[in-house]
Amino acid sequence: MTNFRKDPLYNRWVLMVPGRGKRPHAFYREKEKDDGKVCPFCEGREEKTPPEIDSFRVKGKANEPGWKIRVVPNKYPALTRELKIGWVSKGLFQSIKGYGTHEVIIETPSHSKTLYNMDEEEISLIFKMYRKRTIILKEDKNLKYIFIFKNYGRIAGASFPHSHSQILGLPLIPPFVEEEIKRISDSLNCIYCHLILKARKDRRILTKNSDFIALAPYASLVPYQITVFPLEHKPYFEEISDVEINSLSRIIKEIFQRYNKILRAPAFNFFIHTFPRDKRCKNYHYHLQIMPKLTLQAGFEMGSGIFINPVPPKTAIRELKS
Ligand SMILES: [Zn+2]
Ligand SMILES: [Zn+2]
């Protein structure tokens, strides 16, 4: 049975059309042929990237081999600090100068490692670097938001197959985050605690441990979408402790193992929503959103703001747990 679901946080609707995914070729697949022979992110090719900003290393100096995680400026940055910050508002038309930062986190020295085959220790280093870079970037008062995301696979927008994430320091708060802030300020109780409770009742939980829970959102935009929340109110991702990073890495490892088993390592997008630096808040849970790239958004979605999802969240959880 098809039904429209209103997203509890954002002003958008999702049309659940179970069974549509069973059409032949309904899900996108890509086979990237790549041996990493010319990859600039592989260990030993440090000179192929702009000079590094940061790293976790076992040995060697900056821009030498011996690293576990390496952070470099994006070679073609979307934003730079060369521009002076400034708003322009002319009636209907507003603009902000493209002031900001754009860093690439090379998550592993190995070309063949991905979230699908990394161990918990390797995953935890990625989160530790996210935390470290966020804390450092937050010192720049002109950056209003630090946005962490990852594209894996060409159809998900990754220009390199070597596992990496990106961090953008933005001069504004992203509209989706603003929408969440508006939504929670209208509510006395914690909306995120409520979303978690409802997911438990609806049996949309994939896995949980003492600190985190992974669930399929009520109005999942895409098939097999998973959101990871801390169980307690925690507004700021960068305040995550080492113990929590270990818990989170365990959950992430399990999610990707299940994706690998059931969906054969699909392309995906991943991002973190955390509370903006200048705002104080109790009723927020930062969250990690993982969206496998199995369907493409096209004319209907772009024009209407309504998304078609062929795999309702409860079905997704049942299949991922099988
Ligand atoms: Zn590589
Ligand atoms: Zn809460």
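Which residues coordinate the zinc ion (ligand 2)?

## The zinc site

In this predicted model, the zinc ion (ligand 2) is held by two cysteines and two histidines: Cys190 and Cys193 each offer SG, His233 offers ND1 and His285 offers NE2. The coordination distances run from 1.9 to 2.3 Å. Read along the chain, these donors fit the spacing C-x2-C-x39-H-x51-H.

What about the geometry? The arrangement around the zinc ion (ligand 2) is tetrahedral because its four donor atoms subtend angles of 100 to 117 degrees. For reference, the ideal angle for four tetrahedral donors is 109.5 degrees.

## What the site links

It is worth looking at where two of the ligating residues sit. Cys193 belongs to helix 3 (residues 191-201), while His233 is found in the loop that runs between strand 12 (226-230) and helix 4 (242-263). The pair therefore ties together parts that are 40 residues apart in sequence.

Are these two residues buried or exposed? Cys193 is partly exposed, at a relative accessible area of 30%. His233 is also partly exposed, and its relative accessible area is 39%.

## The second largest pocket

Now for a pocket you may like to find in the structure. The second largest pocket has a volume of about 380 Å³, and 17 residues line it. Nearest its centre are Arg12, Phe176, Leu221, Phe271 and Met291.

Strand 13 (268-273) and strand 14 (287-292) both contribute to this lining, with at least two residues from each. Sorted by class, the lining of the second largest pocket consists of ten nonpolar, five polar and two charged residues.

Terms used. Residues numbered from 1 in each chain as written. Chains lettered and ligands numbered in written order. Predicted model: local features only at pLDDT ≥ 70, side-chain atom pairs only at ≥ 80, totals over all residues. Heavy atoms only, no water. Donors = N, O, S within 2.8 Å, 3.2 Å for Na, K, Ca; no water. Tetrahedral: all angles 85-135°; square planar, octahedral: opposite > 155°, others 65-115°. Helix = DSSP H or I, 4+ residues; strand = E, 2+ residues; numbered from the N terminus. Buried < 20%, exposed > 50% of the residue type's maximum accessible area, 1.4 Å probe, protein only. 1 Å grid on protein atoms, 1.4 Å probe; cavity = no way out; pocket = protein on both sides within 12 Å on 5 of 7 lines; lining within 4 Å. Points joined across faces, edges and corners; volume = space filled by probe spheres on them. Nonpolar A, V, L, I, M, F, W, Y, C, P; charged D, E, K, R; others polar.
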